[in-house]
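Visitor: I would like to go through the surroundings of the ligand step by step. Please take me through them with the model in view.

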Amino acid sequence: MKWMWMVALVALVGCKSENKAPASAEAGAPGAPAAQKKLSVGFSQVGAESAWRTAETQSIRGEAEKRGVDLKFADAQGKQAQQIQALTSFIAQKVDAIVLAPVVETGWDVVLSQAKQANIPVILVDRGIKVTDDSLYTTLIASDFVEEGRMAAEWLAKQTNGKANVYELQGTTGAAPAIDRKKGFEEVLAKYPELKIVKSQSADFTRAKGKEVMEAFIKSDGQQIQAVYAHNDDMALGAIQALEEAGMKPGEGVTVISVDGVKGAFEAMVAGKLNATVECNPLMGPLVFDTITKVRSGEKVEKFIKNTDRLFEKTNAAQVIGSREY
Ligand code: GZL
């Protein structure tokens with residue numbers, strides 16, 4: 001009988017020890033499992049050229065902070081060479097993932113091949129790239145810029161009954177949004193022979209250059225200007241300033257449409273100076289880190305994760321401005 005108690009006692013002790021980690025693995029003891037390593041992500045950002053870009057940066061950096069991600073942030077001031085330098089550094093630091101907002105479409109094959117060799121997944125945000133081998137990046141999270149250009153042109157055609165002299169402010173030369181917003185806009189204009197782009201020039205997505213280029217358009221063509229199509233709100237706001245300084249009436253005599261949907265655009269629509277803007281959502285932070293988690297767990301992700309965009313007009317701007325998040 002006594003032996004039975006002994007057996008029960010041993011079993012109890014043995015079972016408890018099964019549940020407890022071996023002494024050597026006690027937290028803090030030598031050989032203890034390493035504390036959960038922080039996810040480390042390298043983020044190469046284009047720069048800070050527009051309100052949209054600032055909103056995108058804040059969304060990604062804010063989400064990294066919230067999730068306790070070790071985010072290495074590099075602002076390239078609009079220079080591809082600086083982005084390539086940043087990516088090379090991230091690879092040397094053996095980050096777990098790279099997030100890249102590529103300033104232009106081409107010139108990425110070499111550095112992305114190095115990331116692939118280092119087995120570091122690359123998540124593209126907001127702008128696409130042209131590479132010989134699309135396995136060099138895992139996915140692109142962005143809007144469809146061609147569709148944004150189509151939406152802007154269809155709205156303008158309706159607004160002008162298909163007849164106007166259009167002056168176009170293009171984004172950064174070689175950048176996917178500049179190439180594709182132009183492509184989509186022109187695709188629709190082909191259906192309206194009297195809706196014509198009279199002059200088109202890059203203003204690099206900035207407000208200052210948008211004002212400068214518009215001043216030159218006004219100097220050469222003045223009252224002939226009936227409509228302005230700007231590839232982003234910042235350039236549109238610069239153009240609006242130039243038109244007002246020339247005594248012209250943006251939003252009334254001159255129809256102005258742009259893309260992004262930043263707060264400044266809604267304020268200009270409420271003031272009646274901007275007619276419409278096509279939203280291009282920059283708040284990608286949560287989706288970026290959810291996607292990195294999926295990729296690291298081996299889950300398959302779409303090659304193109306498309307943001308949805310809506311068009312807003314000055315007629316409905318006042319109702320929605322209060323709920324805008326950027
Ligand atoms: C679009 C983004 C563009 C914005 C501009 O995804 O790349 O760059 O439209 C920004 O405001 O400068």
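Visitor: From which domains does the shell around the ligand draw at least three residues each?

Guide: The model is a predicted one, and its shell around the ligand is not supplied by a single domain. At least three residues come from each of two domains, namely domain 1 (40–142 + 282–307) and domain 2 (145–280).

Visitor: Which helices each supply at least two residues of that shell?

Guide: Two helices meet that condition, and each is given here with its residue range. They are helix H2 (51–67) and helix H6 (176–189).

Visitor: How many residues of the shell are charged?

Guide: There are 13 residues around the ligand, and those that come nearest are Glu 49, Asp 126, Arg 127, Arg 181 and Asp 260. Divided by character, the shell holds 5 nonpolar and 2 polar residues, while the number of charged ones is 6.

Visitor: How far is an oxygen atom of the ligand from an N or O atom in the side chain of Glu 49?

Guide: A polar side-chain atom of Arg 181 lies 2.7 Å from a ligand oxygen, and for the side chain of Asp 260 the distance from an N or O atom to a ligand oxygen is 2.6 Å. For the side chain of Glu 49, the corresponding distance to an oxygen atom of the ligand is 2.5 Å.

Visitor: What percentage of the ligand's accessible area does the protein cover?

Guide: The space that the ligand takes is the largest cavity. On its own the ligand has 320 Å² of accessible area, and the share covered by the protein is 100%.

Notes:
Residues are numbered from 1 along each chain as its sequence is written. This is a predicted model: local features need pLDDT of at least 70, side-chain atom pairs count only at pLDDT 80 or more; totals for chains, interfaces and linings use all residues. Side-chain values use heavy atoms; hydrogens and water are left out. A residue is near a molecule or strand if one of its heavy atoms lies within 4 Å of it. A polar contact is a pair of N or O atoms within 3.5 Å; within protein, one must be able to donate a hydrogen and the other to accept it, and residues adjacent in sequence count only if both atoms are side-chain atoms. Accessible areas come from the Shrake-Rupley method with a 1.4 Å probe; for residues, only the protein chains shown count as cover. On a 1 Å grid over the protein atoms alone, a cavity is a set of points where a 1.4 Å probe fits but cannot get out, and a pocket is an open set with protein on both sides within 12 Å along at least five of seven lines; lining residues have an atom within 4 Å of a point. A molecule sits in a cavity or pocket if more than half of its atoms lie within 2 Å of its grid points. Helices (H or I, at least four residues) and strands (E, at least two) are DSSP runs, numbered from the N terminus. Ala, Val, Leu, Ile, Met, Phe, Trp, Tyr, Cys and Pro count as nonpolar, Asp, Glu, Lys and Arg as charged, and the others, Gly among them, as polar. Domain bounds come from an automatic or database domain assignment.
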